[in-house]
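User: I'm new to this structure and would like a close look at one part of it. Could you pick a spot on the surface, walk me through it, and then show me what else is worth finding from there?

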Amino acid sequence: MREYELSKAKSALNELNALDELNNEQRADMDRLTREVENLEIEHRAHIMAGGDDALALETRTDTPDRETRERLELRETASLGRYLIAAGSGRLPNGRELELMQAANVPDGTIPLELFDVPRREQRADTLAPLTGTGVNLDPILPAIFARAVVPRLGVDMPRVESGGYSTMTITQSVTAAATAAGVAFTPTAGTLTPKNTDPHRVTAGLSLRIEDIARVGQANFESILRQNTTLAMSAQLDALGLNGDNVAPNPQGLYPQLTATDPVPSDVADWEDFVSAMASGIDSGPWAESLAEVRYVVNNDAMVLAETTFQVGGGNQATAGEMSAAAYLRAQSAGFYSSSRMPDTASTIAGGIIFRAGTMGLDGVNAMRTAVCPVWDYIEIDDIYSDAGSGIRHYFMHSLIGDVLITQTDAYSRADLKVA
């Protein structure tokens, strides 16, 4: 398996290296593949040193990226979010590596390339602080805020980075026909139909307030890394929430959940074991989207998950596990995924909404997956510093990201499966 993964990553990387010019999406793919090849090579060498049985099966030579890619990766490693903030607060463009990264990413002046947030920073521990009392204090690394896991990517929604301008995608919604035809008989084909879907950008804003003392320290590694991480997580959490629940009422984008039709008829009894299994089994369509329960994912809110965890199989007969396994445990074991999220809509009038995703076209471990929905993200973050609390020594920054509507390109891949939970 290690040989196959490494060979596949190298092949894809070589194809990109052969191109004369790369767009932003291809550059992102090249960066990802470069890191993947490096990690696989490390794992392989470790396996060889450990005496693995495939020690002689694979050459350990690394296909290195081209010069342009290496330079861009180095810029990302060394560019600082803090210096972007300082430049914005001073009403000027950044210089040095920050300016070079902007130019390499081809983003507008005064913005931050979104790819800056791709690189995990090497966090350094600040050894001591020296308060006025003169007593040294060991500074532990700043702890991050915690956010719920993203839901939208796990429901097959692709989030590509796009350049300036609107966004459009097109899907074949009526296939051409094929049929056995007798000799000498003319065949009349049916024309295929292409259906476009379009979206304009919607602005999502995160606020950041910093004391001037913090700005002076912003280059310190721990402060820089935690600032980047918190900004990334806060913005990502809001993008995910809007991608799931956006109601398409300005300024909100159109999310995934409001586009799905509620279960009809509305469930009238509190869900039992059979109801949970039936809800997930409603996702089976015998192809192309889900040939069995193993290709169905089901996401619910907290109320539905608590009920599933406390609902046990009853009866006897030939059921060896009668009464021993909860509905949640059974669905997790038999399906492509059963999980809850705090971002799912709250229970309304005892009915908890749930999303069915038919994941049969995801491919092997998500590789070469069919795109079932798309939500474009513009590839830069704008930054404003419009006012300050001068008397308090505080500056306020506003960081704007642009997100599109969730465009469902394959409508048969999604449906609702609602449950009565009380």
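**A close look at Leu-194**

Analyst: Let's start with Leu-194, which sits in strand β7, the run covering residues 193-199. Keep in mind that this is a predicted model. Leu-194 counts as exposed because its relative accessible area is 53%, and the cut-off for exposed is over 50%. Leu-194 also has company out there: together with Met-170 and Ile-172 it makes up a nonpolar patch on the surface. Taken together, the three residues of that patch have about 330 Å² of accessible area.

Now for the inside. How many cavities of 30 Å³ or more are there? The count comes to two, and the largest cavity has a volume of about 60 Å³. Its lining is made up of Leu-22, Arg-27, Met-30, Asp-31, Glu-68, Thr-69 and Arg-72. Two elements, α2 (24-49) and α3 (67-78), each give two or more residues to that lining. By character, four of the lining residues are charged, two are nonpolar and one is polar.

One more stop, back along the chain: Pro-258 lies in the loop that runs between α7 (221-245) and α8 (273-281). Pro-258 has a relative accessible area of 40%, so it is classed as partly exposed, the range between under 20% and over 50%. If you look for Asn-248, you'll find it ten residues away from Pro-258 in sequence, while in space the two are 8.8 Å apart, C-alpha to C-alpha.

Key
Residues are numbered from 1 along each chain as its sequence is written. This is a predicted model: local features need pLDDT of at least 70, side-chain atom pairs count only at pLDDT 80 or more; totals for chains, interfaces and linings use all residues. Side-chain values use heavy atoms; hydrogens and water are left out. Patches are made of residues with over 30% relative accessible area and no salt bridge: like charges are joined within 9 Å, nonpolar side chains (Val, Leu, Ile, Met, Phe, Trp, Tyr) within 5 Å. Accessible areas come from the Shrake-Rupley method with a 1.4 Å probe; for residues, only the protein chains shown count as cover. A salt bridge is a side-chain nitrogen of Lys or Arg within 4 Å of a carboxyl oxygen of Asp or Glu. Helices (H or I, at least four residues) and strands (E, at least two) are DSSP runs, numbered from the N terminus. Buried means under 20% relative accessible area, exposed over 50%, partly exposed in between (1.4 Å probe, protein chains only). On a 1 Å grid over the protein atoms alone, a cavity is a set of points where a 1.4 Å probe fits but cannot get out, and a pocket is an open set with protein on both sides within 12 Å along at least five of seven lines; lining residues have an atom within 4 Å of a point. Grid points are joined across faces, edges and corners, and a volume is the space filled by probe spheres set on the points. Ala, Val, Leu, Ile, Met, Phe, Trp, Tyr, Cys and Pro count as nonpolar, Asp, Glu, Lys and Arg as charged, and the others, Gly among them, as polar.
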